[in-house]
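User: I am new to this entry and would like to learn how to read its features. Could you guide me through them in order?

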Amino acid sequence: MRLQRLVSLMKERNFDGALISPGTNLYYLTGLRIHEAGERLTVLVVSADGEYRLLAPSLYENVVRNFPVTFWRDGENPYDKLAWILAEFHLSDGRLLIEDTMHADWLMNVIRLGPFEFYPLSSLVRELRMRKDKHEIEMMGHAAKAADRVFDEILSWDLVGMRERELALKIELAIRELSDGISFEPIVASGENAANPHHEPGNRRLRKGDMVILDYGAKWKGYCSDITRTIALGRPNEKLVEIYEVVKEAQERAYKAVRAGVLARGVDEAARETIAKAGYGEYFTHRTGHGLGLDVHEEPYIGPDGNVVLENGMTFTIEPGIYVPGLGGVRIEDDVVVHDGRGKRLTRAERELIRL
Ligand SMILES: CSCC[C@H](N)C(=O)N1CCC[C@H]1C(=O)O
């Protein structure tokens, strides 16, 4: 059980306890899918002795079953109950791991409960989550397939004249039809807007001559995909067509650089060098990729500072891009798993330039 693996790591690294609020770590460790209950304190308490208990609002009485839990009702002070659980688990001081995304006001109340030293939970859980098991990779495969299928659908739509935000909504609906939901709000960046890697889709209408960046992802049983394709409408500027080929080459070289045993930054270097040699180094303004799993951005990060040694079972994106202000941009992204010592693409949509 994953919670037991966390407890072993806690013992090994001299942590006394952990407080885990709802999110992907709680889901990963327990299988509990608890939606954020806003301001109502919800937290899993884990001790290095292997005891654990969820403290949750009574709203969840019908949701949390077969799991050790203490409920609190509106009108009660949940921090009194948290203090009792901590006392029961002999956690009156010491080194506590805290979920990185815990609300600051919850944390401020926790701080008052004892002379604890706080550490980010991610410092331990990242080591577990970075290495995916067979089941997780299978789920990511499903999420990636859904993304590929959505791309094929997009190609059948009448894109010229559509507003970026309309297309983003259509993409979102198509993803929801084929999967459990979106990994993040789709990016549709057309024409000169494509020079912004995180462009928020707006009212601009797609027109002939545009290069359009489409970046979106699907979820399957909590696991994310994340794909980017750049397509041409009509006949775009020749410079952008040249840029497309450079980005495609950079993406392929980075993909080929994936090996178990190499540093993540080696993969980044392969993409960065290709783009720099073609003269566009200053226009590649972000890392080459990021780990992918229950979160759309997680370890291992594939950037110039990526010091994780790649291993079988690690999953991440490879997504170099070139962004020229006033002209536009190109990004090509696939999801990759390290399998049998090498990279294997999970997303397989067409990578040659498609002209519609
Ligand atoms: C979660 S929104 C961005 C999704 C996108 N695929 C992405 O991860 N990136 C786009 C530009 C670089 C990269 C990033 O690191 O943010």
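Analyst: The following turns discuss the ligand site, a recorded domain and two backbone features. Please keep in mind that this is a predicted model.

User: Which residues surround the ligand?

Analyst: A residue is counted here if one of its heavy atoms lies within 4 Å of the ligand. The surrounding residues are F184, H198, D215, D226, H286, R287, H290, V296, H297, E319, R331 and E333. Sorted by class, this shell holds 6 charged, 4 polar and 2 nonpolar residues.

User: Which polar side-chain atoms lie 2.7 Å and 2.9 Å from an oxygen atom of the ligand?

Analyst: A polar contact is a pair of N or O atoms within 3.5 Å. H297 places a polar side-chain atom 2.7 Å from a ligand oxygen, and for H290 the corresponding distance is 2.9 Å. In R287, a side-chain N or O atom is 3.0 Å from an oxygen atom of the ligand. The ligand taken alone exposes 410 Å², of which the protein buries 88%. The space that the ligand takes is the second largest pocket.

User: What does UniProt list for residues 138-339?

Analyst: An unreviewed UniProt entry gives this span as "domain: Peptidase M24". In the model, residues 138-339 are 33% helix and 24% strand, and their end C-alpha atoms lie 12 Å apart.

User: How should the backbone features be read?

Analyst: As a general rule, most peptide bonds are trans, and most residues other than glycine have a negative phi. Here, the peptide bond from E299 to P300 is cis, with omega near 0°. P300 belongs to strand β14, residues 298-302.

User: Where is N14 placed?

Analyst: N14 is in the loop between α1 (2-12) and β1 (17-20). Although N14 is not a glycine, its phi is positive, at about 60°.

Technical notes. Residues numbered from 1 in each chain as written. Predicted model: local features only at pLDDT ≥ 70, side-chain atom pairs only at ≥ 80, totals over all residues. Heavy atoms only, no water. Polar contact = N/O pair within 3.5 Å; in protein donor to acceptor, adjacent residues only side chain to side chain. Areas by Shrake-Rupley, 256 points an atom, 1.4 Å probe, with all protein chains shown as cover. 1 Å grid on protein atoms, 1.4 Å probe; cavity = no way out; pocket = protein on both sides within 12 Å on 5 of 7 lines; lining within 4 Å. Sits in = over half its atoms within 2 Å of the grid points. Nonpolar A, V, L, I, M, F, W, Y, C, P; charged D, E, K, R; others polar. UniProt positions renumbered as here; feature names shortened; annotations may be inferred. Helix = DSSP H or I, 4+ residues; strand = E, 2+ residues; numbered from the N terminus.
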